Every structure is written in C-alpha cells, then in structure tokens.
Amino acid sequence: MYRYDQYDHLIVKERIAQYRDQVQRRINDELTEEEFLPLRLQNGLYMQRHAYMLRIAVPYGLLSSRQMRMFAHIARKYDRGYGHFTTRQNIQFNWINLEQTPDILTDLASVEMHAIQTSGNCIRNITSDEFAGVAADEIIDPRPYAEVLRQWSTFHPEFGALPRKFKVAINGALEDRAAIAVHDIGLTVQRNGAGEIGFKVMVGGGMGRTPILGSVVREFLPWQHMLTYIEAVMRVYNQYGRRDNKYKARIKILLKAIGVEEFARQVEAEWTDLKDGLSTLTAEEMARISAYFQAPAYDMLPAIDAGAAHVDNKPFANWLKRNVKPHQRPGYAAVVLSLKKTGVPPGDATAQQMEAIADLAERYSFSELRVTHEQNLVLADVKQAQLFDLWLEAKKHALATPNIGLLTDMICCPGGDFCSLANAKSLPIAAAIAERFDNLDFQHDIGEIELNISGCINACGHHHVGSIGVLGVDKDGSEWYQVSIGGAQGNSPAIGKIIGPSFSSQQMPEVIERLLQVYLRERFEGERFVDTVLRLGIAPFKEYVYATPIKVGHLIGEDEYV
C-alpha cells in the first residue's frame with residue numbers, strides 16, 4: 001500500500017500545527033464558532049447533536065493492520081470505545097472533545113493518516129473497489145490512479161473552495177463495485193480496440209435532494225490525460241456552479257441546467273489548453289506510484305474446495321457462500337468481515353473488534369484490509385486452506401455473520417441519534433428490521449437484496465440506490481419514513497421510486513414484510529428483488545402494502561410524499 005514520502009509527512013505535520021493553533025484560539029474565544037467552522041471542517045471535524053464528530057480519511061478504502069490498531073486506540077482514549085465505518089470508506093468517531101482533536105490528528109499522523117478531504121467544499125476522499133488488486137474480473141488495478149488523484153487533489157489551490165463538495169470514484173473491473181454512477185465524477189477503466197488503457201468518464205451523478213445518475217461525457221480518455229481532463233471538468237464547475245444556493249450547487253445541477261452536450265463542449269474547450277500540460281501523466285510517474293501496490297508474496301497454491309472437509313457444517317457453508325469472494329490467484333480468496341450482526345448498528349466496530357481485525361489481517365492477509373462502501377471490512381488475500389480457521393476466529397468476535405448481500409447487510413447512516421442534519425432516527429429502524437428478519441434461512445431464500453436507510457435527504461445511507469430505500473422525513477415534528485423500491489448500483493444503476501405516503505417507525509418492519517411477500521409470490525426462479533420490481537413496476541408492491549389498514553402519511557405534492 002502507499003507509504004508517505006517526505007512531502008506527505010511535512011504537509012500533514014504543518015496542517016496539524018496550524019489546526020492546533022486554531023483550536024486553541026477557539027477555546028480562548030479568539031475565534032467565534034462561525035469563524036472556526038470552515039477551519040474545523042477542513043480537518044474533518046463536525047458538530048453533531050451531542051458532541052463533535054471526527055471523520056478520518058481512508059483513501060480508496062485501504063488500511064494496514066497498524067492503522068486499524070490506531071483506530072482502536074482512538075476509540076478507547078478519545079471516544080466511547082467504538083467507531084463507525086461509512087459509505088465513503090472512511091471511519092468516524094462520534095463523541096470527540098474539541099480540545100483533544102489536535103492530539104488525535106497527531107496520533108493519526110504517526111501511522112500516516114489524517115482527516116483531510118473528509119469535509120468541506122473540496123474534492124473529497126477518493127473511493128474505489130474494495131477488491132481492487134485481487135478481483136477476479138479486474139481489468140487493471142485502479143489504486144495507483146486513485147492515489148495519483150489523491151495526491152493531485154489534496155490542497156489543490158484552485159479547488160479548495162468549490163461551490164459544493166465533490167466526490168470521485170474509480171472502478172477497474174468489469175463489475176462496478178464503486179457505485180460510480182452516483183458520484184460527481186465516475187471513472188471506469190477500459191481498453192480500446194488496440195488494447196490501450198483509458199477511462200470512460202461519467203459526470204454529474206449524485207443522490208441527496210436531486211438523485212441523478214451520472215452522464216457519460218467521454219467514452220474513452222487515454223490514461224495519460226486523466227488529471228488534465230478532470231482539471232478541465234473542475235474548472236468548468238468551479239466557474240459556473242451555483243454559489244447562491246447550496247441545495248443547487250452540486251455539479252449535477254449544472255449539467256441539468258445547461259445540458260450534457262453543452263457541458264461536455266465546455267470541458268473539451270477548457271481541456272484544449274491543458275491536455276499536454278504539466279499534469280499529463282507519464283509512464284515513469286505511474287510506474288513510481290504503482291510500485292507501492294505490488295502484489296504481496298503469494299505462495300504457489302492449488303485451488304481447493306474449502307468446504308469439502310466440512311460438508312456437514314451448514315453455518316460454515318453459508319459463510320463461504322455469502323462472505324467469501326473469488327480471487328485472481330489460485331488457492332486464495334477475499335473475505336468480507338460483516339459489521340452487520342443483529343443488535344449492532346450497521347458499520348459500527350468496537351475497539352476490541354478493531355484489534356481483533358488487525359490480528360486477523362496480520363495472520364491471514366499480509367497485514368492489509370479494506371473498507372467497503374457497504375460498511376463492512378475485507379481481508380483481501382486469505383489462503384483457501386485457512387478459511388475454516390479464519391471463520392472460527394471471526395465468529396469469536398461477532399465478525400462472521402453470513403449475510404453479505406442479504407437483507408440484514410443493510411447500509412445505514414447514524415441518523416437522528418447523532419447527526420444534527422437528520423430528520424429522523426435511522427438506527428432504531430435498522431435494528432427493528434434486523435430483529436424482525438433475523439432468520440438466516442429466510443434471508444438466504446430471499447437472496448440478494450439491498451436495504452439502505454438514510455435519516456435525511458442528504459442520503460448518506462444511499463437509500464436512492466437500495467433495492468428497498470428508507471428515508472427519514474419530518475412531518476409536523478414527528479419522525480416518519482418514506483419507502484422507495486427498485487434502486488440499484490453496479491452495472492445497471494437505477495434510482496428507486498417512492499411507493500406512496502410515509503410510515504411511522506412502528507410500521508416499518510411490517511412494510512418490509514409486505515414488500516417481501518409480493519416478491520416471494522411474484523418472482524421467477526433465480527430472480528432478484530430488484531429485477532422483479534423492474535419487471536412488474538411498483539404497482540403490485542404498492543397495492544399490497546396499502547391494501548389493509550396501515551396508518552400512513554399524507555401527500556404534500558405531485559409525486560412527493562412525507
């Protein structure tokens with residue numbers, strides 16, 4: 001994985017010193033909260049309902065075991081013993097004291113980490129495929145390109161005060177596991193007819209108040225011009241993106257206003273003066289960066305059936321089916337550690353679990369691990385012969401729930417329990433649904449389904465692209481929940497459609513039950529929930545959900561419910 005050079009160390013060290021002075025001035029009331037706000041946001045510090053929250057950057061989701069141990073240390077020393085892994089492949093701590101934040105950043109710097117690019121109107125932490133470098137369907141490892149983007153975007157003088165936050169994702173495989181269609185810029189690695197590497201460029205995706213799938217603005221961009229073309233995109237956005245209304249400031253609104261063709265024309269015009277400039281990538285530079293991502297010292301192993309020696313062990317078989325993924329190398333597998341055990345907030349891990357995960361990474365996966373945007377963790381390089389031993393150890397630490405891709409593997413933001421922006425609580429809804437369907441046989445029968453929950457329209461829980469999406473809304477001071485179905489990420493992305501008026505928190509488990517009953521009744525053999533919705537539309541689901549008395553919300557406008 002990437003290691004800091006002298007410039008990285010110096011930049012982070014100087015930023016901490018600058019921030020320490022800013023914090024002291026705030027404590028001394030030399031800075032007002034209004035003056036301090038942009039300064040703390042530049043260092044990943046948010047004010048939430050009960051305390052400050054610190055969000056730490058995990059570039060493209062890649063971690064060392066040493067860094068995971070630092071998270072455990074922070075959880076114990078500065079928080080309440082746990083952390084929350086997010087849909088941006090980062091981690092955040094929700095109970096932070098302001099005066100301790102410079103010390104936290106100093107501790108993070110000792111393991112080459114920081115909180116830069118996790119907040120503010122800048123280019124945010126670059127995200128990618130959690131299986132990058134090992135995925136069986138990979139065209140090319142996207143991590144070197146993600147690292148180049150990280151270095152280029154960090155403290156970029158021209159893009160530090162954009163109209164709004166800006167998110168970039170890059171995918172290097174046949175299957176999109178980076179959700180590129182709902183990012184401001186989504187890059188997909190491709191090869192042209194001559195075998196040359198380049199990128200399909202999508203711009204203008206996003207969720208929030210106006211969910212939109214990104215539009216292709218260039219079908220093939222030679223890899224050498226990745227930075228120059230993105231710089232052209234950023235310049236057009238920086239110049240013409242709205243600054244008068246933060247709800248209309250994202251690049252997707254600009255594309256919608258002027259049209260994709262006109263936006264692409266402006267980018268091409270801007271690019272004319274940039275394409276062969278100083279930001280043009282060279283083979284030497286990519287070789288330098290790629291050297292940090294060389295494959296570990298794999299053994300020459302035969303592929304084996306890890307379940308053959310344990311044919312009567314159904315729990316292990318279920319885990320192999322759901323949590324173990326194909327690997328490029330014979331004899332190896334990638335393993336997803338589930339952070340979705342019933343009774344635990346999705347994405348949360350205790351300090352004890354973090355230390356156990358670091359141990360597992362060191363024993364089984366070359367001391368590296370990954371964060372997924374589904375809020376789980378990955379050990380990318382596990383020998384197939386060691387899968388049973390790993391499963392036994394993961395079970396001891398509540399990390400082996402065999403539910404990856406199933407109903408209880410839900411995405412969920414912290415919601416109103418913590419976030420000051422939330423309209424409603426997310427975690428109690430997730431807990432109630434998980435408890436209602438805490439039957440793995442039933443979940444396996446339902447098959448692949450994505451249940452995503454957001455506490456507000458900002459969509460940190462990605463509810464728009466959930467097979468079932470739940471959005472917390474405020475109605476006359478009460479918490480209600482709007483339901484959509486048919487959303488999807490991956491190679492066939494889709495924005496879910498609202499089924500009707502909203503529901504109270506007590507009604508939500510029954511609503512999910514009724515949606516699943518329609519699916520089980522109407523599905524074709526082997527058909528996923530989202531495919532059944534695509535085939536039938538929302539009408540039969542809506543009819544059954546509202547067929548018998550369930551007190552619901554009220555219509556407030558055309559196709560808009562609360």
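A cavity here is a set of grid points where a 1.4 Å probe fits but cannot get out. Keep that in mind for the opening stops of this tour. The model is predicted.

**Stop 1: the second largest cavity**

Select V12, R15, I16, N43, L105, H114, A115 and I116. These residues line the second largest cavity, which encloses about 50 Å³ of space. Now colour the selection by class. Five of the lining residues are nonpolar, two are polar and one is charged. Which element gives the largest share of this lining? Helix α1 does, with three residues.

**Stop 2: the largest cavity**

Four cavities reach 30 Å³ or more. Move to the largest, with a volume of about 180 Å³. It has 13 lining residues. Pick Y2, Y4, P59, Q67 and E112, which lie closest to its centre. By class, the lining holds eight nonpolar, two polar and three charged residues.

**Stop 3: a nonpolar patch on the surface**

Switch to a surface view and select Y7, I11 and F155. Together they form a nonpolar patch with about 310 Å² of accessible area. Zoom in on I11, which belongs to helix α1, residues 6–27. Is I11 buried or exposed, or something in between? I11 counts as partly exposed because its relative accessibility is 38%, and the partly exposed class lies between 20% and 50%.

**Stop 4: the second largest pocket**

Leave the closed spaces and go to an open one. The second largest pocket has a volume of about 1,100 Å³. Its lining takes in 48 residues. Start with E175, E448, E450, Q489 and R528, the ones nearest the centre. Then show β12 (332–337), β17 (451–454) and α16 (529–536) as cartoon. Each of these supplies at least two lining residues. Helix α16 gives the most, with four. Colour the lining by class again: 21 residues are nonpolar, 13 are polar and 14 are charged.

**Stop 5: R177 and its two partners**

Next come the salt bridges. The structure holds 34 of them. Side chains of opposite charge can pair when their charged atoms come close.

Select R177 and D129 and show their side chains. They form a salt bridge, with the closest N and O atoms 3.0 Å apart. D129 sits in the loop between β6 (127–128) and α5 (143–153), and R177 in the loop between β7 (168–171) and β8 (185–191), so the pair ties together parts 48 residues apart in sequence. Both residues are buried.

Add D137 to the selection. Its side chain also meets R177 in a salt bridge, at 2.8 Å from N to O. This pair, too, links distant parts of the chain: D137 is in the loop between β6 and α5, 40 residues from R177 in the loop between β7 and β8.

Why does R177 count as buried? The reason is its relative accessibility of 19%, as the cut-off for buried is under 20%.

**Stop 6: R535 and E527**

Select R535 and E527. Their side chains meet in a salt bridge, 2.8 Å from N to O. Compare the two ends by accessibility. R535 has a relative accessibility of 34% and so counts as partly exposed. E527, at 12%, counts as buried.

**Stop 7: a salt-bridge network**

Select R26, D29, E33 and R40. Show the four side chains together. They are linked in a network of salt bridges.

**Stop 8: two C-alpha distances**

Finish with two pairs. Select F293, in the loop between α9 (283–290) and α10 (314–323). F293 counts as buried because its relative accessibility is 7%. Draw a distance from its C-alpha to that of R143. The two residues are 150 apart along the chain, and the C-alpha atoms are separated by 7.5 Å.

Then select L471, in strand β18, residues 468–475. With a relative accessible area of 5%, L471 is buried. Draw a distance from L471 to D389, C-alpha to C-alpha. How many Å lie between them in space? The distance is 40 Å, for a separation of 82 residues in sequence.

How values were computed
Residues numbered from 1 in each chain as written. Predicted model: local features only at pLDDT ≥ 70, side-chain atom pairs only at ≥ 80, totals over all residues. Heavy atoms only, no water. Patch = residues over 30% accessible without salt bridge, like charges linked within 9 Å, V, L, I, M, F, W, Y side chains within 5 Å. Areas by Shrake-Rupley, 256 points an atom, 1.4 Å probe, with all protein chains shown as cover. Salt bridge = Lys/Arg side-chain N within 4 Å of Asp/Glu carboxyl O. Buried < 20%, exposed > 50% of the residue type's maximum accessible area, 1.4 Å probe, protein only. 1 Å grid on protein atoms, 1.4 Å probe; cavity = no way out; pocket = protein on both sides within 12 Å on 5 of 7 lines; lining within 4 Å. Points joined across faces, edges and corners; volume = space filled by probe spheres on them. Nonpolar A, V, L, I, M, F, W, Y, C, P; charged D, E, K, R; others polar.
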